[in-house]
Protein chains: 2
Amino acid sequence: MKTYAISLLFLLFLISGRAQGDKTEPITIKNQGTFAIGGSIKKSEGTFDPIAHGVFNPTNQSTQGQTLHGDHATVLYQIPTEPRNLPLVFWHGYGQSMRTWQTTPDGREGFQSIFLRKGFPVYLLDQPRRGLSGQSLEPKMLEARTEDQLWFGIFRMGKGTNFYSNIQFSKDPEALNQFFRRSTPDTGPLDINLNIDAVSNLFNKIGDAVLVTHSHSGGQGWGTVLKTDHIKGIVAYEPGSNFIFPEGKAPEEISYVGGILKAREVPMEDFQKLTKIPIVIYYGDYIPEKKVENPGQEQWRAALLMARKWTKAVNEAGGDVTLVVLPEIGIKGNTHFPMSDLNNQEIAQLMYNWLEEKGLN
Amino acid sequence: MKTYAISLLFLLFLISGRAQGDKTEPITIKNQGTFAIGGSIKKSEGTFDPIAHGVFNPTNQSTQGQTLHGDHATVLYQIPTEPRNLPLVFWHGYGQSMRTWQTTPDGREGFQSIFLRKGFPVYLLDQPRRGLSGQSLEPKMLEARTEDQLWFGIFRMGKGTNFYSNIQFSKDPEALNQFFRRSTPDTGPLDINLNIDAVSNLFNKIGDAVLVTHSHSGGQGWGTVLKTDHIKGIVAYEPGSNFIFPEGKAPEEISYVGGILKAREVPMEDFQKLTKIPIVIYYGDYIPEKKVENPGQEQWRAALLMARKWTKAVNEAGGDVTLVVLPEIGIKGNTHFPMSDLNNQEIAQLMYNWLEEKGLN
């Protein structure tokens with residue numbers, strides 16, 4: 001059997017003639033798994049009696065003296081054989097989960113498998129009160145509101161039900177169906193500090209790694225740098241809010257159709273932590289420079305404007321932030337989800353090149 | 001580079017001298033991914049205007065004319081190189097998710113990796129309105145009730161906060177912490193028919209496979225056999241309810257401390273589908289034969305009693321059901337989660353032997 005296996009592997013290498021990392025080759029994993037990290041425990045008054053209170057009652061359960069474990073993050077990891085030194089930790093955005101980094105809506109490989117093939121240990125997380133981390137310690141009413149088209153706009157897929165022209169998204173209706181079904185609601189009140197605590201715990205557990213954020217986790221990512229020393233670099237896709245400036249140095253708020261974007265202020269000592277690591281920020285297409293009437297684009301005009309101010313502020317304080325607006329370097333048609341758009345291999349290569357340039361590979 | 005890779009692999013095989021499937025060896029995956037399956041779309045009256053309704057408002061969102069995609073299952077799959085013919089589809093129980101089959105609470109490999117190493121394509125699912133399939137089309141109030149100790153009892157870990165003696169569960173407090181944090185609530189009303197639809201769609205998509213159920217998915221599994229021809233065998237861990245009998249032939253309901261267990265009746269033609277495939281059922285330890293006062297044990301006394309009647313009924317109709325009560329074959333200390341207990345490698349081997357015996361490997 002052993003000889004057979006060796007011969008087969010030999011054959012595979014000889015006849016395929018493909019470079020390692022080619023996506024038609026197998027992925028070889030040293031180990032993989034899942035675990036919960038962070039969170040806390042709440043306890044009800046009284047004493048639990050396993051006889052008197054041990055019957056499940058969906059509508060009128062006795063809870064006295066019992067605990068509830070919740071508000072943790074859930075982590076899925078895969079470690080390739082011969083792993084690179086620094087793992088990548090992938091953190092989803094608003095209304096999303098670890099699925100952001102998995103199979104794309106049109107069925108191709110996402111960043112999880114792409115970077116695993118490049119030899120990186122990958123960690124995907126569901127932040128507290130989202131997806132597999134559904135157990136919240138605070139109650140929440142889930143309303144099941146119809147809002148697909150709202151998010152179609154905010155995620156810059158297009159306007160109403162029409163895609164933007166030249167978009168990097170499959171026109172196969174099943175791709176859009178899969179895209180919508182990746183959304184999953186908050187199962188408790190959204191609490192940024194709770195999320196930051198769980199993710200900083202994750203870094204403290206696994207050690208030095210690079211954080212990859214998307215959208216709402218962008219600002220949370222800056223906040224996490226203040227809580228752990230193990231973030232050695234950040235790749236931020238389309239950060240939307242919670243840009244952090246030193247006390248007294250935040251820029252004016254930016255008003256846009258649909259809201260106001262404010263910066264967050266922290267003590268200078270904290271802000272300086274953001275100047276100690278390399279950071280790259282990517283934005284996709286369809287972000288106007290000047291005010292437009294479409295709210296789906298407006299909040300990204302504000303975010304990009306704030307990101308430019310933030311990049312300048314961090315770099316002037318000695319930091320190393322690179323801001324890349326994809327259409328400005330000739331990469332067009334990207335939505336709010338460049339990591340799963342049709343050109344995601346090109347987007348991944350850009351990220352890989354940046355990691356290499358900064359010595360983070 | 002290629003020569004180097006070959007030499008290294010060679011070396012690995014030569015010096016390790018280990019049989020394939022040894023858990024210290026790498027897992028080799030042909031491909032892996034995630035997708036949504038099943039579900040439906042609800043639509044609100046009116047017309048969506050991307051300008052007027054395109055601003056996100058957490059408390060007062062306009063929903064008119066918009067859709068919501070929800071009620072799908074989410075599937076994670078991994079296909080090993082040189083896969084066996086029949087994949088395994090793993091379906092979690094009540095309050096749980098695909099994490100049931102992943103890393104154990106004490107950090108060892110779960111059935112996902114164990115059976116992947118044995119060469120099976122594995123499919124793990126989160127049923128509609130659970131975990132990564134959080135988007136429900138019906139609203140739900142999540143109450144964040146303290147009920148850890150209730151489930152500690154029902155999951156037959158022990159009574160109150162005390163473990164049963166000789167239990168196959170780590171006494172490291174972190175194991176229990178991880179165990180509790182695998183629970184995740186329903187994000188919409190529990191609807192068995194919805195779940196069965198999604199899972200039968202999954203089988204229709206991937207073709208012939210073996211279904212592995214746990215607890216609440218046991219009864220749903222029987223129901224899924226009525227909806228798809230692609231289930232070639234079932235392994236059911238601790239099925240709790242919804243045992244299916246022919247019309248007019250259901251046994252009397254079984255009363256236990258905490259409730260009443262009723263059988264479900266279907267037309268004879270449907271029932272007969274359950275006689276066409278091999279089925280094995282496993283129950284763990286601490287299930288009394290006679291009535292006790294502890295509700296945490298009582299519902300399993302009723303379930304096992306019903307399972308015995310069901311096994312007899314299906315086999316008398318020409319079926320092939322094997323009922324295994326683990327302590328009766330000398331395997332003691334198992335909780336309601338044999339697939340993640342300390343002896344889960346032994347439990348997996350039992351299942352593998354059964355698959356082999358039935359030609360399902």
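Begin the tour in chain B by selecting B:D186, which counts as buried at 9% relative accessibility, and keep in mind throughout that the model on the screen is a predicted one. Now add B:R130 to the selection, and you will see that the side chains of B:R130 and B:D186 meet in a salt bridge, with 2.8 Å from N to O. B:R130 sits in the loop between β6 (122-126) and β7 (140-142) of chain B, while B:D186 belongs to the loop between α4 and α5 (192-206) of that chain, so the pair ties together parts that are 56 residues apart in sequence. B:R130 is buried too, with a relative accessible area of 0%.

Stay in chain B and select B:E109 together with B:R117, which form a salt bridge whose closest N and O atoms are 2.8 Å apart. B:E109 counts as buried at 16% relative accessibility, and B:R117 is likewise buried, with a relative accessible area of 14%.

For a contrast in chain B, go to B:S165, which lies in the loop between β9 (162-163) and α4 (173-180). Is B:S165 buried or exposed? At 56% relative accessibility, B:S165 counts as exposed. If you then pick B:Y286 as well, the C-alpha atoms of the two residues turn out to be 9.8 Å apart in space, although 121 residues separate B:S165 and B:Y286 in sequence.

Next, move to chain A and select helix α8 (residues 295-316), where A:E298 and A:R301 are three residues apart and therefore separated by about one helical turn. These two residues form a salt bridge, and the closest N and O atoms of A:E298 and A:R301 are 2.8 Å apart. A:E298 counts as buried at 0% relative accessibility, and A:R301 counts as buried at 10%. Then select A:E289, A:R308 and A:E328, which are linked in a network of salt bridges. A search of the whole structure finds 26 salt bridges over all chains.

Now select helix α6 (residues 216-225) of chain A, in which 10 of the 10 residues are buried, so the helix is largely enclosed by the rest of the structure. Among the buried residues that you can label here are A:H216, A:Q220, A:W222 and A:V225.

From there, go on to A:N334, in the loop between β17 (320-325) and α9 (344-357) of chain A. A:N334 is buried, with a relative accessible area of 0%, and a polar contact of 2.9 Å joins the side chain of A:N334 to that of A:N343. Leaving aside neighbours within four places in sequence, the residues in contact with A:N334 include A:R156, A:Q168, A:Y286 and A:I347.

Finally, show both chains and look at where they meet, a contact that takes 103 residues from chain A and 102 residues from chain B. The area buried between chain A and chain B is about 8,100 Å², of which carbon and sulfur atoms give 58%. Select A:L132, A:T146 and A:R181, which supply 10% of the area that chain A buries against chain B, more than any other three residues. How many salt bridges are there between chain A and chain B? The count is zero, whereas 42 residue pairs are found in polar contact across this interface. Strand β1 (residues 27-37) of chain A gives the most to the side of chain A that touches chain B, with nine residues. End the tour on this strand, where β1(A) and strand β1 (residues 27-37) of chain B pair in the antiparallel sense over three bridges, and where the bridge partner of A:T28 in β1(B) is B:T28.

Terms used. Residues numbered from 1 in each chain as written. Chains lettered and ligands numbered in written order. Predicted model: local features only at pLDDT ≥ 70, side-chain atom pairs only at ≥ 80, totals over all residues. Heavy atoms only, no water. Buried < 20%, exposed > 50% of the residue type's maximum accessible area, 1.4 Å probe, protein only. Helix = DSSP H or I, 4+ residues; strand = E, 2+ residues; numbered from the N terminus. Contact = heavy atoms within 4.5 Å. Buried area = accessible area lost by both parts, 1.4 Å probe. Salt bridge = Lys/Arg side-chain N within 4 Å of Asp/Glu carboxyl O. Polar contact = N/O pair within 3.5 Å; in protein donor to acceptor, adjacent residues only side chain to side chain. Pairing = 2+ DSSP bridges.
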